[in-house]
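Reader: I'd like to go through this one with you and hear what stands behind each label. Can you take me through it?

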Amino acid sequence: MRKKILLLVIVFWVTSISNVFAASSSSLEKLDTISDKALEFAKQYRFEESKGMLQFFSKQFLATNAREQLFGMDELRIITVAYDDAVQAVTNKDMPDAEKVRAVTKLRLAMDAVEKNHDPLWTALEEQVMTTFAESKSALVHDDSDQFQMQINQLTALYDMLYPSLKMDLAPETFQELDARMNYITTFQPVLFTDKTSLKELEVLEQDFKTIFDQTEEDDADPSLWWVIITTGSIIISTLSYVGWRKYTGTRFGKTRKEQDD
């Protein structure tokens, strides 16, 4: 009887956990869809409609987190900053359309990075990032100052768009090292072309990005799924061990009582 009760408790616990994950996943997917719609409007240069979707995103984001506590403090801060940048961009009449689209894309990528545990959207920018590195190095080799500056500006813009997603998805030490190298490139951009060490710095940064993209592609397992599997398995094993122990001690106790009676 006790064994059946314990098994029923396990089933109830696993079902509850599954329901929590399903609810969280559903809420994140809704927010992800709203941010995607805001980006679609922005790419069509329908910035008023994009602004409306962003405001709707903000209301849903705050309500969902208050209700379900889906986001940690770092995630809240990163997404809030990305949201503020996106709203300011689409309402700025003086900002070029391409920059407005990039600002909304930054929020879209950040939200996707929270919603997905593997294969996030930001990895789709790998080709653009690596092409920019190749063309930057080529410009250095061929002594083409204008092309070099243009490619460094492009790299900086891509990094700005990736920044929130990388900060959430990468290990802190990996992100800090990458950010420090990018800051070096940004800070010393005016003199990079004449600096003989520029090529080496670019190659090191290029390898960092390549490693990040490669590792993200290899990590295709869902950590939340593994957590459920491991945790559930541990509880089942513990329960069965407990049942076995009770049965063993019960048998020993019965034998002892019998021996004493004899």
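Author: Here is a short round of questions and answers on the labels used for this model.
This is a predicted model, where local features need pLDDT of at least 70 and side-chain atom pairs count only at pLDDT 80 or more, while totals for chains use all residues. Side-chain values use heavy atoms, without hydrogens and water, and residues are numbered from 1 along each chain as its sequence is written.

Reader: How do you know which elements the chain has?
Author: Helices are DSSP runs of H or I with at least four residues, and strands are E runs of at least two. On that basis the chain comes out with ten helices and zero strands.

Reader: What makes Lys-37 count as sitting over the ring of Phe-41?
Author: The rule wants NZ of Lys or CZ of Arg within 6 Å of the ring centre and within 35 degrees of the ring normal. The charged end of Lys-37 is 5.1 Å from the centre of the Phe-41 ring, so it passes on distance. Lys-100 also passes, because it lies over the face of Phe-47 at 4.6 Å from the ring centre.

Reader: Why are Trp-122 and Phe-133 said to belong to a cluster?
Author: Rings of Phe, Tyr and Trp (its six-membered ring) pair if their centres lie within 6.5 Å. Such ring pairs link Trp-122, Phe-133, Tyr-159, Tyr-163, Phe-175, Phe-209 and Phe-213. The rule gives twelve aromatic pairs.

Reader: What is the predictor's confidence like?
Author: pLDDT, the confidence in each residue from 0 to 100, averages 80 over the chain. It stays under 50 over residues 3–24, and is below 50 over residues 221–243 too.

Methods: Contact = heavy atoms within 4.5 Å. Phe/Tyr/Trp six-rings, centres within 6.5 Å; stacked < 30°, edge-to-face > 60°.
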